[in-house]
Every structure is written in C-alpha cells, then in structure tokens.
Amino acid sequence: MVHKVTFPKYSFSDYLMLFNGFFPKKPTFTEKDYPSLDGKVVIITGANSGVGYQSAKSLLGSTNARVYMFARNPTKAEQAIKKLEVEVAQEYKKTNLDIHFIQIDFSDLTTIKPAAEKFLSQENRLDIIIHNAGVMTPPAGSRTKQNFDLELGTNNLGSQLLQKYLDPILIKTSITNKPGESRIVWVASTASYLSPIGGIHYADPNFNDSDATKETIYGQSKAVNVLQAKGWNGAHPDAKNVVCVSICPGYLRTELQKYATGFEALIYRLFFHDARNGAYTELFAALSPKLTMQNTGAYVISFGHISKARKDLDDPENIRKAWNFLEEELKPYI
C-alpha cells in the first residue's frame with residue numbers, strides 16, 4: 001500500500017515566504033552588536049563547514065565565548081580549526097582561539113551519549129547550542145545506522161537526543177544567566193513549507209512506501225526542526241530562562257547541496273547567497289535581545305528577522321504530537 005502524502009492549502013503569504021529567501025532583507029544585527037560572551041560556552045553542531053563554520057568564525061573573532069565544534073569527521077574538524085585560526089587572525093586580528101572538537105555522528109544514535117558525556121566531563125556550563133548539523137536530499141532510500149530515514153534520523157532524532165542529554169546543564173546554567181540569555185537554536189529551513197500537513201507524514205514517517213518527493217522528505221525534517229523549537233519550552237516548564245527558536249538561515253551556497261543535480265547546482269550558484277550571511281541569521285537567533293522569553297518558539301528568517309512559520313506548524317496540537325512522536329522514537333536509545 002502506498003501512503004499518499006497530503007499537504008495544507010497554501011496562502012498567498014506562504015508563497016511569499018518561499019520567494020523571500022531569494023531577496024532577503026540585509027542583516028541589521030552583526031559583529032558590532034554581539035555581546036562579549038565572557039565565560040560563556042557555546043556548542044555549534046556541524047561547525048566544520050558551511051554556515052556552522054561561519055558562525056563559529058564570527059563568534060571566535062568577535063566574542064570571548066568558548067566554542068565547541070560537534071562534528072563527525074576528526075580530520076575535517078582539525079582542518080577546519082586550522083583554517084579558523086588563519087582566517088580569524090586575518091579578519092579579526094585575534095589569535096589563541098578557544099575552540100574545541102567533540103566527535104559525533106548524528107546518523108548513528110549510539111554516538112550521541114558518548115559525545116554528550118565527553119562535553120560534560122570538560123564543562124560545568126552550557127549557555128547556547130546551535131543545532132546546525134544536517135543533511136539534505138541524499139540518494140533515495142538513504143538510512144541511518146538505526147534504519148531511520150537519513151534526514152529524519154540526522155536532522156531530528158540525533159539532535160533531539162543530544163539536546164536531551166544536555167538539557168540538565170543548559171537549564172542549570174540558565175538559572176545563573178539573565179532571562180533569555182540561554183538559547184537553543186534549531187536550524188530549520190523554508191523547505192518546511194514543503195512538508196506534509198502537520199509537519200510529519202505519520203502514516204509513513206520514514207517514507208518506506210510513500211509517494212513523496214525528495215523535497216517533501218527534506219521538508220518534513222525541517223518542519224520537525226520548527227516543531228522542536230516550538231515544543232521544547234512546553235516540555236520543560238522548569239526552564240523559565242531559556243529561549244528556543246528555529247530559523248531558516250537563508251538560501252545559501254553550502255556543502256549541504258552536495259547531492260544536488262547539475263541543474264539544481266546551477267540555480268544555487270546563480271541565485272543563492274554566500275554562507276557568511278547565514279551566520280548572521282544563526283547568531284541573531286543565538287544572541288539578539290529582540291528574542292525574549294515572550295517570543296520563545298519564534299521562527300527567524302534570513303538574515304536575522306523574526307517571522308512566522310507555516311500556520312499548521314504553530315498549532316499546539318501538532319506541536320505536542322510531533323514532540324511525543326520524537327520522544328517515542330528515541331525511547332529504545334536512551
């Protein structure tokens with residue numbers, strides 16, 4: 001039996017949002033506006049390349065934060081750190097970077113706990129985490145080590161599990177911070193607008209037997225990132241000082257597009273923006289005082305502007321359902 005994917009009715013504003021990424025507003029919150037972050041600890045997953053790398057560079061160059069790069073490949077991480085040292089020295093005139101690497105593979109849930117434990121053995125606080133790591137439109141049928149759809153497993157279940165292990169230290173740290181200084185940033189995408197109604201194709205979430213396109217499958221994983229941001233605070237009523245948001249960093253040229261077709265790659269080169277701009281979106285979400293406890297769960301678009309997610313992704317019942325789905329899927333791996 002083929003499970004047919006259903007979609008919501010799109011409004012005119014939904015279509016406008018899809019085109020916004022081609023012509024985004026300029027960033028208004030940049031390095032000159034960032035706080036010093038003295039004594040603060042920041043995790044950026046997937047910071048060895050793309051937008052995550054640019055965010056790490058900007059933080060290391062313009063703040064005093066201690067930055068942790070969570071990534072899969074030690075060789076690439078080491079190369080990225082050496083490159084950061086050179087580029088930060090050139091662009092920011094700063095040396096002796098406070099950056100550290102921890103190995104993790106979000107497509108293998110057995111690696112998540114050891115990575116979290118290594119971080120916890122080295123730090124007694126966590127102020128900000130940016131869930132930046134992800135995969136986009138891999139070959140059809142790609143699966144994680146635990147046989148989940150690769151995008152669902154990597155972009156959602158892996159990040160959800162890491163966050164669960166880090167929740168206690170993040171919440172504990174938030175008590176010592178001013179309200180809203182502690183942040184969780186889930187890197188979603190405007191591709192979330194291409195997801196099934198409610199965000200998740202519950203009849204077949206791993207798309208084993210569904211009529212889904214690769215855009216829909218990726219869109220589901222990005223819609224789940226939006227739902228994770230909207231659901232975290234409700235699932236953690238004791239976290240009264242933590243702002244949790246999702247973002248579309250922008251339509252950007254990055255290694256995320258390594259599976260693109262030749263025509264798609266041409267479109268990306270012609271119409272997409274430099275990855276450096278995406279860092280302004282990520283760091284707006286991580287640092288801007290415009291995001292407070294009053295608008296936790298917000299959706300931020302390129303390159304650092306508060307917007308709205310698709311209407312059904314803002315529905316409390318859909319948010320609870322998605323959160324419960326993720327928690328249930330992760331039970332065997334905790």
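The following dialogue walks through the strands, helices and nonpolar cores of a predicted model.

Visitor: Which strands make up the open sheet, and in what order do they stand?

Guide: Strands of a sheet pair through backbone hydrogen bonds, either parallel or antiparallel. In this predicted model, the open sheet has 8 strands in the order S3-S2-S1-S4-S5-S6-S9-S10, and its pairing is mixed. Strand S3 (99–103) and strand S10 (305–307) stand at the edges with a single partner strand each, so one side of each is left without a neighbour in the sheet. On average, and with direction ignored, neighbouring strands of this sheet are turned by 25° against each other.

Visitor: Which helix packs on the sheet, and which strands does that helix touch?

Guide: Helix H4 (residues 112–122) packs on the sheet, where it touches strand S1 (41–45), strand S2 (66–71) and S3, and the direction of H4 makes about 150° with that of S3.

Visitor: How many bridges join S1 to S2, and how many join S1 to S4?

Guide: S1 and S2 pair in the parallel sense over 5 bridges, while S1 and S4 pair, also in the parallel sense, over 3 bridges. Isoleucine 44 is a useful residue to follow here, with methionine 69 as its bridge partner in S2 and isoleucine 130 as its bridge partner in S4.

Visitor: If I continue from S4 along the sheet, in what sense do S4 and S5 run, and in what sense do S5 and S6 pair?

Guide: S4 and S5 run parallel and are joined by 4 bridges, and one of the pairs to inspect is isoleucine 128 with its bridge partner in S5, arginine 183. Strand S5 (residues 182–187) then pairs with strand S6 (residues 242–247) in the parallel sense over 6 bridges, and valine 187 has isoleucine 247 as its bridge partner in S6.

Visitor: Which way do the residues of S4 point, and which way do those of S5 point?

Guide: From strand S4 (residues 128–131), Ile128 and Ile130 point one way whereas Ile129 and His131 point the other way, and all of them are buried. In S5, Ser182, Ile184 and Trp186 point one way and Arg183, Val185 and Val187 the other, again with all of them buried. S2 is mostly covered as well, with 5 of its 6 residues buried.

Visitor: Which residues touch the most other members of the largest nonpolar core?

Guide: In soluble globular proteins, nonpolar side chains tend to be buried together. Here the largest nonpolar core has 50 residues, and Phe70, Phe119, Leu162 and Trp232 are those that touch the most other members. Helix H5 (residues 150–176) supplies the largest share of this core, namely 8 residues. Leaving out residues up to four places away in sequence, leucine 162 touches Thr45, Phe70, Ile104, Phe106, Ile112, Ala116, Ile129 and His131. A second, separate core has 42 residues, including Phe29, Leu37, Met69 and Ala286.

Visitor: At what angle do H5 and H6 cross?

Guide: The axes of H5 and helix H6 (residues 214–235) cross at roughly 15° and come within 9 Å. An angle under 35 degrees counts as roughly parallel, and H5 and H6 are therefore roughly parallel to each other. The crossing in which H5 passes H6 is right-handed. Among the residues that make the contact are Glu151, Leu152, Asn155 and Leu170 of H5, together with Tyr218, Val224 and Trp232 of H6.

Visitor: How far apart are the axes of H5 and H9?

Guide: The axes of H5 and helix H9 (residues 316–330) are 10 Å apart, and the two helices pack at an angle of about 80°, which makes H5 roughly perpendicular to H9. Their contact includes Leu152, Asn156, Leu157 and Leu161 of H5, along with Trp323, Phe325 and Leu326 of H9.

Visitor: Does serine 142 count as buried or exposed, and where does serine 142 lie?

Guide: Buried means under 20% relative accessible area, and serine 142, at 17% relative accessibility, therefore counts as buried. Serine 142 lies in the loop between S4 and H5, and, with neighbours within four places in sequence left aside, serine 142 is in contact with Phe148, Asp149 and Leu150.

Key:
Residues numbered from 1 in each chain as written. Predicted model: local features only at pLDDT ≥ 70, side-chain atom pairs only at ≥ 80, totals over all residues. Heavy atoms only, no water. Pairing = 2+ DSSP bridges. Axes fitted to C-alpha atoms, helices over the stretch in contact; angles between N-to-C directions. Contact = heavy atoms within 4.5 Å. Core = buried A, V, L, I, M, F, W, Y, C linked by side-chain atoms within 4.5 Å. Buried < 20%, exposed > 50% of the residue type's maximum accessible area, 1.4 Å probe, protein only. Parallel < 35°, antiparallel > 145°, perpendicular 65-115°, else oblique. Left-handed = near helix turned anticlockwise from the far one by under 90°.
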